[in-house]
Amino acid sequence: MAYAKLGAVVLDCPDPRALAGFYAEVVGGTVETDPGDSDWVDLKVPGGQTLAFQAAPGHVPPKWPAPDHPQQFHLDLEVADLDAAEKRVLALGATPLDTADRSRTWRVYADPSGHPFCLCAC
């Protein structure tokens, strides 16, 4: 029997407000900040899991794919139209990591802080 409930998925990054804004444009939701704490920002996604962003001075982004420097985790974001979603995330500052095979139902990008995420039309 579970004794805990997942509260949030937290991403370390150099600029929590900027990265929260990136994901708010991608998945929707409301960015919530505490005026007394600039090191933490929440993104409340309607009907979904909270994403939180924590300041990490000296943040080193994960590398994908690199077995000697693991990515640690990534987000799978479900979309209806891969091409349209790709245009949006690239315009917001995402970087393509593995997008060459257009026959697949998924493509890999890095957010502006370097965290990998996939757009999936699964």
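The following exercises, each with a worked solution, examine the helices, sheets and salt bridges of a predicted model.

Because the model is predicted, local features need pLDDT of at least 70 and side-chain atom pairs count only at pLDDT 80 or more, while totals for chains, interfaces and linings use all residues. Residues are numbered from 1 along each chain as its sequence is written, and side-chain values use heavy atoms, with hydrogens and water left out.

**Exercise 1. The two sides of helix α2**

Determine which residues of helix α2 are buried, and which are exposed on the other side.

Solution. Begin with the terms: helices (H or I, at least four residues) and strands (E, at least two) are DSSP runs, numbered from the N terminus, and buried means under 20% relative accessible area, exposed over 50%, and partly exposed in between (1.4 Å probe, protein chains only). Within α2, which spans residues 82-91, the buried residues are L82, A85, E86 and V89. These residues lie on the same side of α2, because they cover an arc of only 105 degrees around the axis, the arc being that of the directions from the helix axis to the C-beta atoms. K87 and A91, on the other side of α2, are exposed.

Next, look for what the buried residues touch, where contact means heavy atoms within 4.5 Å: they pack against α1 (16-27), β7 (106-110) and β8 (116-120).

Finally, inspect the two ends of the helix. At the N-terminal end, D81 acts as the cap, with a side-chain oxygen 3.0 Å from the backbone nitrogen of D83. Just after α2, G93 adopts a positive phi of about 115 degrees.

**Exercise 2. The sheet that contains β1**

Establish the strand order of the open sheet that contains β1, and identify its edge strands.

Solution. Two strands pair if DSSP finds at least two bridges between them. On that basis the 4 strands follow the order β1-β4-β3-β2, with mixed pairing. The edge strands are β1 (9-13) and β2 (30-34), each of which pairs on one side only. Neighbouring strands of this sheet are turned by 25 degrees against each other on average, direction ignored.

To follow one pairing in detail, take β1 and β4 (residues 51-55), which pair in the parallel sense over 5 bridges; here D12 has Q54 in β4 as its bridge partner. For angles, axes are lines fitted to C-alpha atoms, for helices over the stretch in contact, and the values run from 0 to 180 degrees between N-to-C directions. Helix α1 lies across β1, β2, β3 (37-44) and β4, and runs at about 10 degrees to β3.

**Exercise 3. The sheet that contains β7**

Work out how β7 is paired with β6 and with β8, and place these strands in their sheet.

Solution. Start from β6 (residues 95-98), which pairs with β7 in the antiparallel sense over 3 bridges, D98 having V108 in β7 as its bridge partner. Strands β7 and β8 also run antiparallel, joined by 5 bridges; their hairpin has 5 residues between the strands, and in it G114 takes a positive phi near 100 degrees. β5 and β8, by contrast, pair in the parallel sense over 4 bridges, with F117 in β8 as the bridge partner of L75.

The resulting open sheet of 4 strands has the order β5-β8-β7-β6, with mixed pairing. β5 (75-78) and β6 stand at the edges with a single partner strand each, so one side of each is left without a neighbour in the sheet. As for burial, 4 of the 5 residues of β7 are buried.

**Exercise 4. Salt bridges**

Find which residues R88, R107 and R104 meet in salt bridges, and state where each pair stands on the scale from buried to exposed.

Solution. A salt bridge is a side-chain nitrogen of Lys or Arg within 4 Å of a carboxyl oxygen of Asp or Glu, and the whole structure holds 5 of them. R88 pairs with E25, the closest N and O atoms being 3.5 Å apart. This pair links distant parts of the chain, with R88 in helix α2 and E25 in helix α1, 63 residues apart. R88 is partly exposed at 48% relative accessibility, as is E25 at 46%.

R107 pairs with E86, with 3.6 Å between the closest N and O atoms. R107 lies in strand β7 and E86 in helix α2, so the pair ties together parts that are 21 residues apart in sequence. Both R107 and E86 are buried. Salt bridges that share partners join D83, E86, R102 and R107 into one network.

R104 meets D98 at 3.0 Å, N to O, and both of these residues are buried.

Definitions and conventions
Polar contact = N/O pair within 3.5 Å; in protein donor to acceptor, adjacent residues only side chain to side chain.
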